[in-house]
Amino acid sequence: VKLAIEEINDAGGLLGKPVKYEEGDSGDTENKVAPQTVATLLSKNVDVIIGAASSSVSLSVVDTIVTAGVAMFSPANTSKKLSSYDDKGLYFRNAPSDILQGQVLADTIIADGMTSVYVLALNDDYGTGLAEDLQAGLESGGASVKGTKIYDPKAADYSAEVSEAKDSGADAIVLIGFDESSKILAKMKEQGLDLSTVYGVDGNMGNALAENFEAGK
């Protein structure tokens, strides 16, 4: 965002005026910071709100933002709920819907020769939606889903969830989560699962996951 503003202003700004930056925290669905942040930003008459990163957080404030006539743009939202949302033409994103990711992941798993899959997904719009799209892609490609476990991303321990995945006898396990995935992967290793048969998603692609997993070894 800061780089974009710098480049816009170096080129003369927007409509002859420099773009100004107001920073705000989107929080998460647990602490519910976003509605307060949005209220503050709207009181300052901002024209565009960039974010949130989380689809669930964006869904909690998108009505307020677009009803105020303000544009909303997320660089990371992937929930399919936002694909056909009544956003008054003011919501945009540059990340593809999970409808696409679910199919690509399914194609990758099947191409690797896996015919049965167990899915572990966090309990929010992102996790449950992507799990549905993944299952549709797997089944259309001839693979089966041995089971799907929707877990609490705030849980202190994932021993039971990992044990269920292990006992399913599936060829592969798909983990749909965020930072808590490090705890689940550590538990998988502890229970003797072959981590080379575990597939991740875009939510797993942050530095925090690798750092936390290394720290937990």
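Author: Let's start with one term: two residues are in contact when heavy atoms of theirs come within 4.5 Å. Also keep in mind that this is a predicted model.

Reader: Fine. Which strands does helix α3 lie across?

Author: Helix α3, residues 55-67, lies across β1, β2 and β3. Its direction is at about 160 degrees to that of β2. Angles run from 0 to 180 degrees between N-to-C directions, so a value of about 160 degrees puts α3 and β2 towards the opposite-direction end of the scale.

Reader: What makes β1 and β2 a pair?

Author: Pairing takes at least two bridges. Between β1 and β2 (residues 71-74) there are 3, so the two strands count as paired, and they run parallel. As one example of a bridge, Val 48 in β1 has Ala 71 in β2 as its partner.

Reader: And in what order do the strands of the open sheet come?

Author: The order is β1-β2-β3, with parallel pairing.

Reader: Why do β1 and β3 stand at the edges?

Author: Because β1 (48-50) and β3 (91-93) each have a single partner strand, one side of each is left without a neighbour in the sheet. On average, neighbouring strands here are turned by 20 degrees against each other, direction ignored.

Reader: Now to helix α2. Which of its residues are buried?

Author: In α2, residues 34-43, the buried ones are Ala 34, Thr 37, Val 38, Leu 41 and Leu 42.

Reader: What puts them on the same side of α2?

Author: Their arc around the axis is only 130 degrees, so they sit on the same side of the helix. These buried residues pack against β1 and α3. The face turned away from them carries exposed residues, Gln 36 and Ser 43. Just after α2 comes Asn 45, with a positive phi of about 60 degrees.

Reader: Why does Lys 80 count as partly exposed?

Author: Buried means under 20% relative accessible area and exposed means over 50%. Lys 80 has 28%, so it falls in between and counts as partly exposed. Lys 80 is found in the loop between β2 and β3.

Reader: How do you know that the side chains of Lys 80 and Glu 132 make a polar contact?

Author: The limit for the N or O atoms is 3.5 Å. The Lys 80 to Glu 132 contact is 3.1 Å, so it passes. The side chain of Asp 133 also makes a polar contact with that of Lys 80, at 3.2 Å. Setting aside residues up to four places away in sequence, Lys 80 touches these two along with Ser 97, Ile 99 and Gly 129.

Reader: What makes a group of residues a nonpolar core?

Author: The members are buried residues of certain kinds, such as Leu, Ile and Met, joined through side-chain atoms within 4.5 Å. The largest core in this model has 34 residues, and Ile 109, Leu 120, Ile 176 and Met 188 touch the most other members. Several elements supply at least two residues each, among them α4, β4 and α5. The most come from β4, with 6 residues. Beyond its neighbours within four places in sequence, Met 188 is in contact with Leu 120, Val 162, Ile 173, Leu 193, Leu 195 and Val 198. There is also a second, separate core of 17 residues, including Leu 42, Val 46, Val 57 and Val 70. In soluble globular proteins, nonpolar side chains tend to be buried together.

Reader: How many helices and strands are in the protein chain?

Author: The chain has 8 helices and 7 strands. Of its 217 residues, 41% count as buried.

Methods:
Residues numbered from 1 in each chain as written. Predicted model: local features only at pLDDT ≥ 70, side-chain atom pairs only at ≥ 80, totals over all residues. Heavy atoms only, no water. Helix = DSSP H or I, 4+ residues; strand = E, 2+ residues; numbered from the N terminus. Buried < 20%, exposed > 50% of the residue type's maximum accessible area, 1.4 Å probe, protein only. Polar contact = N/O pair within 3.5 Å; in protein donor to acceptor, adjacent residues only side chain to side chain. Arc of directions from axis to C-beta.
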